[in-house]
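Here's a quick tour of some helix packing, a few cysteines and a handful of loop residues. Have the structure open and follow along.

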Amino acid sequence: MGRKVTVAACSLNQWALDFEGNSERILRSIEIAKVHGAKYRLGPELEICGYGCGDHFFESDTLLHSFQVLRNLLESPITQDIICDVGMPIMHHNTRYNCRVLFLNRKILLIRPKMIMANSGNYREMRWFSPWNQLRQVEEYFLPRMIQEITGQDSVPFGFCVLSTKDTCIGSEICAELWNPSSPHIQMGLDGVEIFTNSSASHHELRKADQRINLIKSATTKSGGIYLYANQRGCDGDRVYYDGCSMVAINGDIVAQGAQFSLNDLEVTTATLDLEDVRSYRGELYQSHMPSEPRLCHRIKVDFSLSSGDDVYLPTQQPIKWHFHTPEEEISLGPACWLWDYLRRSGQAGFLLPLSGGVDSSSTACIVHSMCVLLCQAVEDGNSSVLEDVRRVVGDDSYLPQQPKELCGRIFTTCYMGSENSSEDTCSRARDLARQIGSTHMNINIDMAVKGILGIFSVVTGRWPQFRVNGGSLRENLALQNVQARVRMVLAYLFAQLSLWARGKPGGLLVLGSSNVDESLTGYFTKYDCSSADINPIGGISKTDLKSFLLYCIEKFQLTALRHILAAPPTAELEPLTDGQVSQTDEADMGMTYSELSVIGRLRKISKCGPFSMFCKLIHMWKDALSPTEVAQKVKHFFRMYSVNRHKMTTVTPSYHADSYSPDDNRYDIRPFLYNTRWTWQFRCIDKQVTQMTTDPLKQ
C-alpha cells in the first residue's frame, strides 16, 4: 500500500574536534540504520565536529574540516539510498549557523539553520552562532568547491523549509526549539508535516529525563505526527554528560526507546510506523481546530519514498512504557560513564582517590566501582571496542577482565591520608570499603610533611601556630587545618604520578575529587586541598542524594562497609581529637544542616532568590521549625559564607554537572567572586521585615 515508513534515530558518543572518529561513527550508524530497513537517518546536533567545540567554532579550520567530513559522507557508498540528516556549523553571508544538512544519493537536499538558540545554564550558543530569524524564508547557499565537485550543485536551499517526499512531508527541529513555547513543530504540523525530527545535544541532570519525554509526547498529542529524537551521548570533553535517550513517538505514544546510559559508542533506534495512523489521528483533530490562515512552510520536493509499495505484512511498532531510572541509579550510571569516557580519552592508566572514610569520597569510590561493573558487563556482552579500550588503559594487550573487583584493582588506587588528628574509625572505614571494591589501597601518614612545612614557617617567623583548643587564635586554627588539607593535595598528585612507576607499571593516574555541590556552594573546603583534583564526579550532587546513593550501593553491590560510613557524622578531621574521638563535625562548622543547604541552594539558583526574597520564602517553608528571627539568621549566615568563599569557585575542580542548582563558576553560575560580604542593604530589608513580624502578630 506504500504507507509504512522505517526511520532511525542515532545516539553517538562524539568527541569535540575528533573529525576522524566522529566521521566513522556517523558512517557506522548509517550502515546499521540501513540494515534495519530505515530510509531516513537522524543524528545528534553538530555531530560532525562535536557539540562541545566552544570557541573552536570561531576558527575557520572547524568549518573547513566539517565540510571535508561532509564530502567523505557524500562520497561513501554507505550513504546511498537513505536520506541522511547530519549536523555541522556553516557560515552563510559571513554569519555562523548551527545547521542540519539533509542529503540523498550525493545530492544535498537542503540546509536547515537553527532558529531558537540554547543560551542559558550550560549553553552559550549565541556566543558562536546566530539564530535564523527569517521564518518560512529560504535563500540560496553557494556550496564550497569541494562539495560542488561531488554533488554537481552550485547552490542549495538554506533556511526554514521542509522536505516533501513522494509519500510524506518531513520537518526539522533542533534541540532547544522543542523546549520553546513557539516550537516550529506547531506550525509545521498545521501545514501538513507528518514527521518531525529533532537533533539534540541535551545533557544529563538528575530527574530531568521525564521532562524531555513529556515534551515529545505532548508535541505529538496536540497535533499528531511522528516525532524522531536523536541525542548525543557521552563526555565530549567537558563537564556535562549527554545522556542519549533517542526515541520515536507517534500521536502521543513512545514506540521506540534508546538507552539513557551506555558504554556503546553508538546506538541506532529504529521504528516502523504507519502514516495512515497520523492521518486518521489528525482527521478529526484538525476538522475543528484548523486556523483560518495557516502559515505555509517552503517545501523542497525530492523524488524519493520512505515507504515501499508492498508493506501490508510489515509490522509496526506498538506503544511502550518508558523506564525511568531512579536518582540513585542515575548517580550510579551517569558519572560512571562520564569517568570512563574521560579516562579512555585522556590516555591515563587509571584513577587515584584520597579516601577519607566519609560519605563524599566513598561516593566517588562507589562510582568508580560502578564503572568497573559496567565495563565487565560490556566485555561479557561482546563489546570489542570496550575491551580494546580496557586493554589500552591497563597496558596489557591480552588482558580480559573477569570481575569488577579485579578490574578495580588494576585501574583504581585509593589512599587514606591520616594525621595525628585522624581517628582509627575513619581509617578502618576507608580500609574496609577499599577491600570490598577491590582498589589498590595505601595508608599514608602526613604528619611528617605538615611538621616540615610548619618548621619552615617557624624558622622564618620565630612563631609556632597552635590549634584553638591549645590556646591558639581563630587564624592559627584555620591555617593549621589548611596546611593539612593542602599537603594532602600535593601528596595525592605525587602518588598519582609515581605510584605505578614504583610498581613497575607504565602510565600515570588521574586524581579524583570528592567535594559535593553543597560544600562548593558555601565554600566549606580548603582552596587547593584534596578537592583540587583532575575531575570530580560528585561535584554537582547534593549530600542528601549522595547518602541515598550509598544506601542503593549497599543493596546493589553488597558494599556493607558503607553502613558504618553512613552512620558516622560528617567530619573533616582537621582539628585535634578529644579523648581519641572526633570533636569537629561538618554541620557544626557550617552552621546549618546539609538538608537546609539543599533548600537554600535551590532557592538561590533555581528560584533566583537574593537574601531578601529567600527570607520571604523560607519563613513559610520553615515556619513549623524556625521563627522568623532564626530564619533571618540562617539566611544571613549562608550569604556571608557564600560571598566570602565565592572566590574558591574560580579554581574548583571540573565536576560532572548533575543538578540544576550547581554553583559551577565556569559557565553555569556566572557571578562575581568579590562581594561586599556585609550585604548591608539586603540584610537591613530582612531586619525590617523581622521587626514588623515580631511586633504585629497578624503578620506572622
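A disulfide here means a pair of cysteine sulfur atoms within 2.5 Å. By that yardstick, a search of the whole structure turns up zero disulfides. Keep in mind that this is a predicted model. The cysteines come first, then the helix pairs, then the loops.

**Cysteines**

- What keeps cysteine 408 from bonding to the closest cysteine sulfur? The sulfur of cysteine 408 sits 4.1 Å from that of cysteine 372, which is too far for a bond, as the cut-off is 2.5 Å.
- Cysteine 408 has 0% relative accessibility, so it counts as buried.
- Cysteine 427 isn't in a disulfide either: its nearest cysteine sulfur belongs to cysteine 415, 12 Å away.
- With 10% relative accessibility, cysteine 427 also falls in the buried class, since buried means under 20%.

**Helix 1 against helix 2**

- Helix 1 covers residues 19–35 and helix 2 covers residues 60–75; the two pack at an angle of about 30°, and their axes are 11 Å apart.
- Angles under 35 degrees count as roughly parallel, so helix 1 and helix 2 are roughly parallel to each other.
- The crossing of helix 1 past helix 2 is right-handed.
- On the helix 1 side, the contact uses Phe19, Ser23, Ile26 and Leu27; on the helix 2 side, Thr62, His65, Ser66, Val69 and Leu73.
- Sorted by type, the residues of this contact come out as five nonpolar, four polar and no charged.

**Helix 22 and its partners**

- Helix 20 (residues 611–621) packs on helix 22 (residues 680–695) at an angle of about 30°, with 8 Å between the axes.
- That angle makes helix 20 and helix 22 roughly parallel to each other.
- Helix 20 brings Pro611, Phe612, Phe615 and Ile619 to the contact, while helix 22 offers Gln682, Phe683, Cys685, Ile686, Gln689, Val690 and Met693.
- The residues in the contact of helix 20 with helix 22 split into nine nonpolar, two polar and no charged.
- Helix 21 (residues 628–645) also packs with helix 22, at an angle of about 170° and with the axes 10 Å apart.
- Is helix 21 roughly parallel or roughly antiparallel to helix 22? Roughly antiparallel, because angles over 145 degrees fall in that class.
- From helix 21, Pro628, Thr629, Ala632, Val635, Lys636, Phe639 and Arg640 meet Phe683, Ile686, Asp687, Val690, Met693 and Thr694 of helix 22.
- In the contact of helix 21 with helix 22 there are eight nonpolar, two polar and three charged residues.
- Phe683 is one of the helix 22 residues listed for the contact with helix 20, and Phe683 is also listed for the contact with helix 21.

**Loop residues and their partners along the chain**

- Proline 319 belongs to the loop that links strand 17 (298–301) to helix 8 (327–346).
- Its relative accessibility of 48% puts proline 319 in the partly exposed class.
- Proline 319 and glycine 252 are 67 residues apart along the chain, with 9.3 Å between their C-alpha atoms.
- Setting aside neighbours within four places in sequence, proline 319 contacts Asp253, Ile254 and Val255.
- Asparagine 383 is in the loop between helix 9 (359–380) and helix 10 (384–394).
- Is asparagine 383 buried or exposed? Asparagine 383 counts as buried, at 12% relative accessibility.
- Asparagine 264 lies 119 residues from asparagine 383 along the chain, yet their C-alpha atoms are separated by 7.7 Å.
- Not counting residues up to four places away in sequence, asparagine 383 touches Asn264 and Ala378.

**Positive phi values**

- Most residues other than glycine have a negative phi.
- Histidine 93 isn't a glycine, but its phi is positive, near 55°.
- You'll find histidine 93 in the loop between strand 3 (83–92) and strand 4 (95–104).
- At 60% relative accessibility, histidine 93 counts as exposed.
- Tyrosine 528, not a glycine either, has a positive phi of about 65°.
- Look for tyrosine 528 in the loop between helix 15 (517–522) and helix 16 (543–557).
- Tyrosine 528 is partly exposed, with a relative accessible area of 40%.

Definitions and conventions: Residues numbered from 1 in each chain as written. Predicted model: local features only at pLDDT ≥ 70, side-chain atom pairs only at ≥ 80, totals over all residues. Heavy atoms only, no water. Axes fitted to C-alpha atoms, helices over the stretch in contact; angles between N-to-C directions. Helix = DSSP H or I, 4+ residues; strand = E, 2+ residues; numbered from the N terminus. Parallel < 35°, antiparallel > 145°, perpendicular 65-115°, else oblique. Left-handed = near helix turned anticlockwise from the far one by under 90°. Contact = heavy atoms within 4.5 Å. Nonpolar A, V, L, I, M, F, W, Y, C, P; charged D, E, K, R; others polar. Buried < 20%, exposed > 50% of the residue type's maximum accessible area, 1.4 Å probe, protein only.
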